[in-house]
Amino acid sequence: MSKSPNIFIPALGGTALAVGLAYGVASRDYGADKIELLETRLGQVEANAMTATEKAKAEAARAAELEARVAEMHAAAAERSAIAVNLTAPEIDGSLAIGRPALPEEIAAWDVDVLPDGRGLPAGSGNAFDGEEIFVDKCAACHGDFAEGVDNWPVLAGGFDTLGDKDPVKTVGSYWPHLSTVWDYVNRSMPFGEAGTLTPDETYAIVAYILYSNDLIDDEFELTRDNLGTFEMPNGGGFVIDDRPAQEYAKWRTEPCMENCKEEVAVTMRSVFLVETPEEGGSESTMNHASVEELPTFSAAGPSFIPVAAEKPREDAPAETPTEETEAAAATEPTDGNAELVAAGEKVFKKCKACHQIGEGAKNRSGPQLNALMGRTMGAVDGFEYSAAFQDALDAGRIWDEASLAGFLAKPKAYMKGTKMSFSGLRKDGDVEAVTEYLKTFGE
Amino acid sequence: MDEMFKPSRRAFLRGSAAMAAGSVAGAAAAQEADPLITELQDWASYTGVGVDEVPYGMPIEFEKHVVRRNVEWLTASPISSINFTPIHALDGTITPQGCAFERHHSGAIEMRKEDYRLMINGLVETPLVFTYDDIERLPRENHVYFCECAANTGMEWAGAQLNGVQFTHGMIHNMEYTGVPLRALLKAAGADISPDKWVYVEGADASSNGRSIPMEKALDDVLVAFKANGEALRMEHGYPVRLVVPGWEGNMWVKWLRRIEITDMAVESREETSKYTDVLEDGTARKWTWVMDAKSVITSPSPQMPIKHGPGQTVISGLAWSGHGQINRVDVSKDGGISWETARLGKRGDTKALTRFYLDTEWDGAPMLLQARAMDDTGYVQPTKEQLRTERGENSVYHNNCIQTWYVNAEGIAENVEVS
């Protein structure tokens with residue numbers, strides 16, 4: 001509709017031009033025939049202009065008609081969307097014959113969760129003295145020998161009196177309200193990468209060791225099915241049930257301010273990290289050194305000043321010198337015939353991934369990175385803190401080859417007594433061979 | 001600082017008006033004919049790619065930067081970690097599955113439908129086992145819901161941290177789910193559905209993530225879902241079956257759902273005690289804070305989406321959502337909350353789903369402090385960071401639904417900031 005007035009502009013302009021032209025020529029001394037000719041032309045121009053005006057009017061009328069028709073269609077669609085339709089799925093009752101009864105042994109296999117009062121615990125017991133050995137063996141790679149946490153892995157001990165801090169240290173001792181949760185979680189979800197492999201006694205012992213690390217029991221305290229559910233945790237009373245409805249919603253369900261809500265607004269903090277998003281994925285964070293002083297304050301009149309465009313610091317990025325690892329990481333094409341084995345090996349490697357990285361950019365995690373493993377001296381990856389066992393192997397110049405790798409992967413702790421690797425070994429036939437082929441594709 | 005000049009606002013506006021006029025003239029009157037128009041282009045002459053070249057299509061290569069991304073140093077291992085949806089580059093409300101954020105506690109697992117089993121036990125008349133095919137025989141529904149991690153925007157408790165809306169607000173996705181109401185499965189097993197009972201749900205992966213849901217919610221709108229946006233769930237979102245708990249924190253949306261147990265008390269599992277509880281200023285903590293309160297954020301402009309066209313007509317766009325219901329209003333401020341104008345909604349918001357908002361506006365080229373503020377149909381108004389901190393302190397990680405601020409400079413570049 002807003003376009004309608006514009007449509008007339010060319011038509012009106014045409015008439016004005018024609019009239020002007022007629023006036024100009026008539027005032028000169030031309031022959032009557034010429035004047036007649038010009039008058040005829042003027043008549044034509046005017047007729048054309050009239051036609052154009054009529055045409056434009058007709059076009060505008062048709063456009064308005066179309067717009068009205070579209071508006072009608074919108075209204076009709078709105079009306080249709082308001083028509084009631086059946087959106088309710090039929091209700092189900094107990095007479096439905098879908099699914100089959102679960103067998104008792106199936107329920108026993110899966111229903112292992114433990115309630116806060118201890119219901120669900122199996123028979124068994126353990127103490128911190130026994131627990132220490134199991135913990136160092138199976139848990140310390142991530143959680144540290146004293147449950148203090150390695151790298152970003154969870155800290156399990158200490159942190160008392162930090163809950164009121166901005167960065168509270170929430171450990172089993174300082175935060176967890178129920179001991180049942182510790183048993184349940186360790187039993188079902190730990191060790192990371194080998195969940196569900198602990199015996200009840202091992203679990204009781206690990207839980208006891210975690211309590212001991214938190215100075216909550218002595219090393220002779222015997223944790224059992226009978227005393228776990230009633231064990232009082234230091235922060236047991238530290239929780240309230242969601243009280244946002246009373247504390248917050250009541251206050252924040254109001255008509256919000258729209259005008260002059262504040263006198264002045266200042267930037268009090270700028271992004272700590274600038275984030276690059278490289279094409280290959282992921283992100284790179286760098287510290288942002290910009291200061292809030294560089295930015296204007298705001299009032300109802302707008303910003304206090306306009307900062308000059310900052311010259312973008314263009315540091316020449318140091319050319320990435322490919323490390324030995326990344327060069328090796330350019331996976332070589334598997335030779336014909338063993339492609340299947342490599343694929344199978346990749347699947348087996350999932351068991352290793354919790355602790356080991358491989359491929360381009362692989363870094364040390366709880367285990368060393370595994371690029372170019374074959375032919376490498378044992379215990380030789382820079383920056384990884386090896387167990388004494390692997391340091392000895394390094395000193396002795398022992399090499400990773402198919403035989404040593406097979407021996408180690410089948411029974412890590414038997415092959416390399418004292419290794420920190422908590423993995424219990426590849427048991428299935430062919431897994432060792434497959435994973436070895438897979439590892440080989442990342443260089444030798 | 002000494003390089004700064006301090007013109008009057010009027011002088012600045014004169015300058016920017018001239019700039020604007022110049023750029024408009026440039027756009028309106030091209031000096032030379034555009035060869036993209038006047039010259040025959042390859043794509044208008046040669047033939048293109050045939051059907052079936054790519055049996056399952058991926059986005060065109062020019063969009064390959066629109067991917068989920070992680071921040072490696074946030075977590076100890078990518079197997080127990082999180083990445084972020086590229087919400088800065090999306091429009092509308094539906095999140096494509098392939099770029100919807102991932103959160104795993106023990107990695108994503110590959111499970112065949114044939115190997116899928118779902119058990120219902122505990123306080124039921126008949127403990128049952130369902131196969132995948134059984135679930136598809138039950139009456140199913142379609143609903144669009146957002147799934148937001150309780151830790152979304154969590155870093156911002158400590159002030160402006162990561163410069164990008166993908167990283168500050170990207171632990172969210174919004175999909176159309178097809179699934180069976182949890183209510184139907186409970187009734188099929190003859191569950192005790194009295195209001196003091198709990199429904200404990202557990203996943204099949206090694207993390208064995210388990211959460212307790214109060215009976216009222218379990219009977220309301222929880223879905224046992226097997227399709228998202230029309231196709232099978234992706235592995236990373238729980239293929240073949242996940243739980244959908246509308247409006248409630250993402251951790252409860254158990255993936256690879258394998259067991260439902262009716263209990264007489266909350267299990268108080270690891271994820272509902274040591275994690276996903278909110279430490280307040282005095283060191284006590286709130287538990288069972290399941291609902292995601294109303295929240296909004298401007299996705300463009302934002303640090304990853306600068307204004308590139310200079311002063312003039314522009315679109316400020318963003319997302320709003322509430323775990324309590326529908327978004328019925330979003331206000332936008334360009335001056336850090338001194339004044340607000342009500343934005344337009346892309347379409348009427350679905351309940352507990354993302355709603356798109358737009359403010360079609362003229363940018364004068366002056367710096368802005370952009371903010372959005374959502375209101376839901378309970379009348380709840382999204383709080384400022386200040387209001388949240390006054391109420392809760394800064395000890396928590398979770399449930400930060402504060403108003404976010406972007407500083408946009410005269411070049412149109414946006415930065416994550418915190419304001420007074």
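Two strands pair if DSSP finds at least two bridges between them. The exercises below apply this criterion, among others, to a predicted model.

**Exercise 1. The open sheet of chain B**

Determine how strand 15 and strand 16 of chain B pair, and over how many bridges.

*Solution.*
Step 1. Five bridges link strand 15 of chain B to strand 16 (residues 312-321) of chain B, in the antiparallel sense. This satisfies the requirement of at least two bridges.
Step 2. One position in this pairing can be named: B:Ile298 has B:Gly318, in strand 16 of chain B, as its bridge partner.
Step 3. In chain B, the order 15-16-20-19 describes an open sheet of four strands with antiparallel pairing. Its edges are strand 15 (295-300) and strand 19 (344-345) of chain B, each of which pairs on one side only.

**Exercise 2. Strand 17 of chain B**

State which strands are joined to strand 17 of chain B by six bridges and by two bridges, and how many of the residues of strand 17 are buried.

*Solution.*
Step 1. Strand 21 (residues 368-376) of chain B is joined to strand 17 by six bridges, and the two run antiparallel. Within this pairing, B:Asp331 stands opposite B:Arg373.
Step 2. Strand 18 (residues 341-342) of chain B is joined to strand 17 by two bridges, again in an antiparallel arrangement. Here B:Val332 stands opposite B:Glu341.
Step 3. Strand 17 (residues 327-333) of chain B is mostly covered, with five of its seven residues buried.

**Exercise 3. The two domains of chain B**

Describe the division of chain B into domains and the contact between domain 1 and domain 2 of chain B.

*Solution.*
Step 1. The assignment divides chain B into domain 1 (63-286) and domain 2 (295-417). Taken over C-alpha atoms, the centres of these domains are separated by 26 Å.
Step 2. The contact involves 32 residues of domain 1 of chain B and 33 residues of domain 2 of chain B.
Step 3. On the domain 1 side, strand 5 (141-148), helix 4 (165-169) and strand 13 (278-279) of chain B each supply at least two residues. Helix 4 of chain B gives the largest share, four residues.
Step 4. By class, this side of domain 1 of chain B has 16 nonpolar, twelve polar and four charged residues.

**Exercise 4. The overall dimensions of chain B**

Compare the radius of gyration of chain B with the value for a compact globule of 420 residues.

*Solution.*
Step 1. A compact globule with 420 residues would have a radius of gyration near 22 Å; chain B has 24 Å, and therefore agrees with this expectation.
Step 2. Along the principal axes, the C-alpha atoms of chain B fill a box of roughly 80 × 65 × 40 Å.
Step 3. Of the 420 residues of chain B, 55% count as buried. Among contacts in chain B between residues at least 6 apart in sequence, 71% join residues at least 24 apart.
Step 4. The secondary structure of chain B comprises seven helices and 23 strands.

**Exercise 5. Buried residues in chain A**

Classify A:Tyr204 as buried or exposed, and establish where the buried residues A:Val342, A:Gly345 and A:Val348 lie around the axis of helix 12 of chain A.

*Solution.*
Step 1. A:Tyr204 lies in helix 8 (residues 200-213) of chain A. A residue is buried if 20 or more other C-beta atoms lie within 10 Å of its own. A:Tyr204 has 28 such atoms and is therefore buried.
Step 2. Beyond four places in sequence, A:Tyr204 touches A:Gly124, A:Ser125, A:Gly126, A:Leu223 and A:Thr224.
Step 3. In helix 12 (residues 339-348) of chain A, A:Val342, A:Gly345 and A:Val348 are buried. They cover an arc of only 110° around the axis, so they are on the same side of helix 12 of chain A.
Step 4. An α-helix has 3.6 residues a turn, so residues three or four places apart point the same way.
Step 5. The cover over the buried residues of helix 12 of chain A includes helix 16 (431-440) of chain A.

**Exercise 6. The contact between the chains**

Give the number of residues that each chain brings to the contact, and identify the strands that run parallel across it.

*Solution.*
Step 1. Chain A brings 91 residues and chain B brings 100 residues.
Step 2. The side of chain A that touches chain B has 47 nonpolar, 21 polar and 23 charged residues.
Step 3. Strand 4 (residues 239-241) of chain A and strand 14 (residues 285-287) of chain B run parallel and are joined by three bridges. In this pairing, A:Phe239 stands opposite B:Ala285.

Key: Residues numbered from 1 in each chain as written. Chains lettered and ligands numbered in written order. Predicted model: local features only at pLDDT ≥ 70, side-chain atom pairs only at ≥ 80, totals over all residues. Contact = placed C-beta atoms within 7 Å. Nonpolar A, V, L, I, M, F, W, Y, C, P; charged D, E, K, R; others polar. Buried ≥ 20, exposed ≤ 12 C-beta atoms within 10 Å, placed from the backbone. Domains from an automatic or database assignment. Arc of directions from axis to C-beta. Rg over C-alpha atoms; globule rule 2.2 N^0.38 Å.
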